[in-house]
Amino acid sequence: DGQVGEYSMESRSFLGVWQDDGSVGAIVIALGGHRGPEALGDDRWVAVGSNTGITNIYDRNELIVPNTSSSDTNDGDGGDDRITIKERPTPTRTFEQLVTPITVLTFSPDGQLLAFGSRQTKDALRLVHLPSCTVYRNWPTAQTPLGRITAVAFGRDSGLLAVGNDAGKIRLWHIRS
């Protein structure tokens with residue numbers, strides 16, 4: 001039903017549960033980027049892909065409800081460090097470029113790119129620039145030989161993109177910025 005839980009490994013509890021906007025079957029989720037809320041692990045972005053082909057991306061800085069309590073004192077004596085997460089946040093952007101289930105979501109290590117794709121249709125992959133949340137229209141092209149995508153990975157410096165397909169092939173591209 002589109003519920004997403006923010007779970008803390010440290011406290012071994014959910015920090016909050018929120019609803020993915022318009023979700024009718026979220027099947028893949030990914031975290032990425034830097035300078036996100038420290039209380040949620042520093043990842044700035046969360047992307048949720050659904051079985052309808054829609055991918056929502058959220059800025060995790062916008063998920064947290066600002067603490068308005070006047071007793072906001074964390075002096076290390078075990079004070080209350082709880083956070084509140086919006087129950088129904090609005091996505092920063094909704095991507096509707098694919099019409100088959102999203103099966104792959106991957107952020108680049110530097111958090112400037114998001115790749116999302118589907119195994120259901122041949123050559124179904126899109127790249128998104130962050131933080132502008134715009135989809136690159138010039139790649140992949142109709143001639144880019146991707147196949148049915150099973151895996152996507154970025155190199156450590158985000159200069160390489162590897163795409164694996166169901167034929168057992170891995171294609172590697174150099175990304176120029």
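# A tour of the strands, salt bridges and surface patch

Select threonine 106 first: its bridge partner in E10 is alanine 115. You are looking at a predicted model.

**Stop 1: the open sheet**

Now widen the selection to E9 and strand E10, residues 113-117. They run antiparallel, joined by four bridges. Add E11 and E12, and you have an open sheet of four strands. Its order is E9-E10-E11-E12, with antiparallel pairing. Which strands sit at the edges? Strand E9 (104-107) and strand E12 (134-135) do, each pairing on one side only. Strands of a sheet pair through backbone hydrogen bonds, either parallel or antiparallel.

**Stop 2: E13, E14 and E15**

Move on to strand E13, residues 149-154. Five bridges tie E13 to E14, and the two are antiparallel. Pick alanine 151 and look across: glycine 164 in E14 stands opposite. Five residues lie between the strands of this hairpin. Among them, click serine 158, which has a positive phi near 65°.

Stay with strand E14, residues 160-165. Is this strand mostly covered or mostly open? Mostly covered: five of its six residues are buried.

Next, show strand E15, residues 170-174. E14 pairs with E15 through five bridges, again in the antiparallel sense. Select alanine 162 and find its bridge partner in E15, leucine 172. The hairpin of E14 and E15 has four residues between the strands. Glycine 168 in this hairpin takes a positive phi near 85°.

**Stop 3: the salt bridges**

How many salt bridges are there? The count comes to two. Side chains of opposite charge can pair when their charged atoms come close.

Show glutamate 6 and arginine 60 as sticks. Their side chains meet in a salt bridge, 2.5 Å from N to O. The pair links distant parts of the chain, 54 residues apart. Glutamate 6 is in strand E1, while arginine 60 is in the loop between strand E5 (55-59) and strand E6 (64-65). Glutamate 6 counts as buried because its relative accessible area, 7%, is under 20%. Arginine 60 is also buried, at 1%.

Go to the other pair, aspartate 59 and arginine 44. Here the N to O distance is 3.0 Å. Aspartate 59 lies in strand E5, and arginine 44 in the loop between strand E3 (26-32) and strand E4 (45-50), so the salt bridge ties together parts that are 15 residues apart in sequence. Are both partners buried to the same class, or which one is partly exposed? Arginine 44 is partly exposed, with a relative accessible area of 24%. Aspartate 59 is buried, at 9%.

**Stop 4: serine 8**

Return to strand E1, residues 3-8, and select serine 8. Serine 8 is buried, with 13% relative accessible area. Follow its side chain to the backbone nitrogen of glutamate 10, at 3.3 Å. The side chain also reaches the backbone nitrogen of serine 11, at 3.1 Å. Beyond its neighbours within four places in sequence, serine 8 is in contact with Ser13 and Leu15.

**Stop 5: the nonpolar patch**

Finish on the surface. Select Tyr7, Met9, Phe14 and Val17, which form a nonpolar patch. Together they have about 460 Å² of accessible area. Zoom in on phenylalanine 14, found in strand E2, residues 13-19. Phenylalanine 14 is exposed because its relative accessibility, 54%, is over 50%.

Technical notes: Residues are numbered from 1 along each chain as its sequence is written. This is a predicted model: local features need pLDDT of at least 70, side-chain atom pairs count only at pLDDT 80 or more; totals for chains, interfaces and linings use all residues. Side-chain values use heavy atoms; hydrogens and water are left out. Patches are made of residues with over 30% relative accessible area and no salt bridge: like charges are joined within 9 Å, nonpolar side chains (Val, Leu, Ile, Met, Phe, Trp, Tyr) within 5 Å. Accessible areas come from the Shrake-Rupley method with a 1.4 Å probe; for residues, only the protein chains shown count as cover. A salt bridge is a side-chain nitrogen of Lys or Arg within 4 Å of a carboxyl oxygen of Asp or Glu. Buried means under 20% relative accessible area, exposed over 50%, partly exposed in between (1.4 Å probe, protein chains only). A polar contact is a pair of N or O atoms within 3.5 Å; within protein, one must be able to donate a hydrogen and the other to accept it, and residues adjacent in sequence count only if both atoms are side-chain atoms. Contact means heavy atoms within 4.5 Å. Two strands pair if DSSP finds at least two bridges between them.
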